[in-house]
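Subject: Structure handover and what turned up in it

Hi there,

Here is the structure I promised to pass on to you. Could you open it alongside this email and follow the notes as you read?

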Amino acid sequence: MYWTVHMYGGPRRVNHAAVAIGTSIFTFGGYCSGIDYNNFKPIDIHILDTVKLKWWKLELNNQDCKCVPFQRYGHTAINLGSNIYLWGGRNDNQVCNTLYCFDTNTLKWTTPSVYGYIPEPRDGHSACVIKNCMYIFGGFEEHSGLFASDLYMLNFHSMVWSIVKTKGCPPSYRDFHTATAIDNKMYIFGGRSDWEAPRQTDKDKYCSDIYYLDTSRKKWVRPKVNGIKPIARRSHSAFVHNGFFYIFGGFNKNKDLHFQDINRYDPASSTWMKILPKGTPPCARRRQICQLINDRVFISGGTSPIFPKPAVTARQLEYNHPDPSMINSNLKDHDDLHVLDLKPSLKDMCMVNVWENMEEIKIDNINDLRIPLSLKHDLAAFDPFEIMYTGVNTMQSYDENFPVLS
């Protein structure tokens with residue numbers, strides 16, 4: 001595994017939701033420090049072309065406002081075919097439990113009619129799809145002020161919500177955990193609870209155990225695990241590849257730690273293993289998005305601590321890119337993109353090594369390398385400052401205007 005691409009200039013977003021369809025990643029909402037989220041403006045949509053490595057901002061014209069979700073964070077998004085279903089989340093005034101559907105072919109929002117026992121509005125829950133059903137677990141219910149540990153299912157055939165009655169010992173109350181589907185099982189890891197849960201008293205409690213729901217038997221299982229468990233955390237990311245599931249990043253308030261590690265869980269042997277890819281990883285962070293497409297993992301956004309607040313570097317000043325989120329803040333909200341190649345080509349591995357050893361061979365400018373021009377262009381993708389300097393027109397700062405699809 002190699003960390004290959006690192007770019008700046010995407011949407012600066014935290015606690016957003018994303019779905020991969022084909023070679024595109026659709027991101028929805030989220031927040032950014034310093035922006036007012038009291039109003040109910042339509043949710044924003046950004047699209048990453050993972051082949052060209054370009055971001056687009058999608059502007060929807062002539063769309064019925066009643067069918068468009070308001071800008072929010074802490075929501076979930078899943079896809080069935082070309083449709084993306086968004087549920088839950090909140091802004092600073094209101095939490096939501098309306099189901100929204102975004103058709104990626106027509107670029108239209110709808111609010112499908114649903115029936116049954118609709119979950120209470122919440123944020124920080126998890127969602128995954130198994131056999132045409134969406135399972136919602138946990139989260140925080142703002143109306144009651146309580147953490148949740150209930151499990152709901154939406155059957156997309158009938159569009160009926162139901163409370164799932166389960167056997168076994170379920171995961172405890174929690175929010176900002178991950179739910180990962182492998183075969184007919186939903187694996188729950190991490191999240192934040194409280195020592196007085198379901199009440200929230202700011203006495204955070206974290207769990208490093210794995211639970212899974214066997215959906216065929218409607219039974220919760222807490223397997224005995226081998227290897228070294230990852231430190232308990234919340235607001236991390238999870239993805240599945242070749243039957244394993246991986247977690248990246250996250251935050252533990254009690255330890256005051258943000259994470260940048262990658263850990264792999266093997267369901268067959270119930271074993272954890274720490275993974276150490278080559279290349280330069282993203283900095284430690286939480287509340288980022290993470291999507292897998294064709295053996296490549298795309299990580300974008302999130303937030304990290306700044307202790308102490310760093311000065312703007314000479315190279316940033318050289319390319320006129322001081323980061324505005326580094327000013328008067330102890331947290332940095334990210335606009336970067338990182339790619340972890342799970343099956344890197346020889347070319348990719350060579351470019352990573354060239355870039356990481358340029359300082360040793362005393363070359364500051366990619367143009368000074370004696371390699372073909374096409375390789376210089378590819379190599380530029382490993383240097384975020386080089387990308388900004390050459391003016392790749394879809395990688396502008398989020399404070400400017402993205403190219404727009406309307």
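Below is a short tour, from the whole chain down to single residues.

Please keep in mind that this is a predicted model. The protein is rich in strand entries, with 34 of them listed beside four helices. Of its 406 residues, 54% count as buried. The accessible surface comes to about 18,500 Å², and carbon and sulfur atoms hold 50% of that area. As for contacts with a separation of 6 or more, 61% of them link residues 24 or more positions apart.

Let me start with strand β33, which covers residues 337-341. Five of its five residues are buried. Side chains in a regular strand alternate between the two faces of the sheet. In β33, L337, V339 and D341 point one way, while H338 and L340 point the other way. Both groups are buried.

Which strands pair with β33? One is β1 (residues 2-7), joined to β33 in an antiparallel fashion by four bridges. Another is β30 (residues 296-300), also antiparallel to β33, with five bridges. H338 is a handy residue to click on here: it is the bridge partner of H6, and it is the bridge partner of I299 as well.

Next comes an open sheet of four strands, in the order β23-β24-β27-β28 with antiparallel pairing. The edges are taken by β23 (237-241) and β28 (271-275); each has a single partner strand, so one side of each lacks a neighbour in the sheet. On average, neighbouring strands in this sheet are turned by 25 degrees against each other, direction ignored. The partner of β28 is β27 (residues 262-266), and five bridges join the two. If you would like a landmark for that pairing, I262 has I275 in β28 as its bridge partner.

Finally, a single residue: is S126 buried or exposed? S126 counts as buried because its relative accessibility is 4%, where the cut-off for buried is under 20%. S126 sits in strand β11, which spans residues 126-130. Its side chain makes a polar contact of 2.9 Å with the side chain of H177. Leaving aside residues up to four places away in sequence, S126 touches T76, Y135, I136, F137, H177, T178, A179 and I188. H177 therefore appears both in that contact list and as the polar partner of S126.

Happy browsing, and do write back with any thoughts.

Best wishes

Definitions and conventions: Residues numbered from 1 in each chain as written. Predicted model: local features only at pLDDT ≥ 70, side-chain atom pairs only at ≥ 80, totals over all residues. Heavy atoms only, no water. Buried < 20%, exposed > 50% of the residue type's maximum accessible area, 1.4 Å probe, protein only. Polar contact = N/O pair within 3.5 Å; in protein donor to acceptor, adjacent residues only side chain to side chain. Contact = heavy atoms within 4.5 Å. Pairing = 2+ DSSP bridges. Axes fitted to C-alpha atoms, helices over the stretch in contact; angles between N-to-C directions. Areas by Shrake-Rupley, 256 points an atom, 1.4 Å probe, with all protein chains shown as cover.
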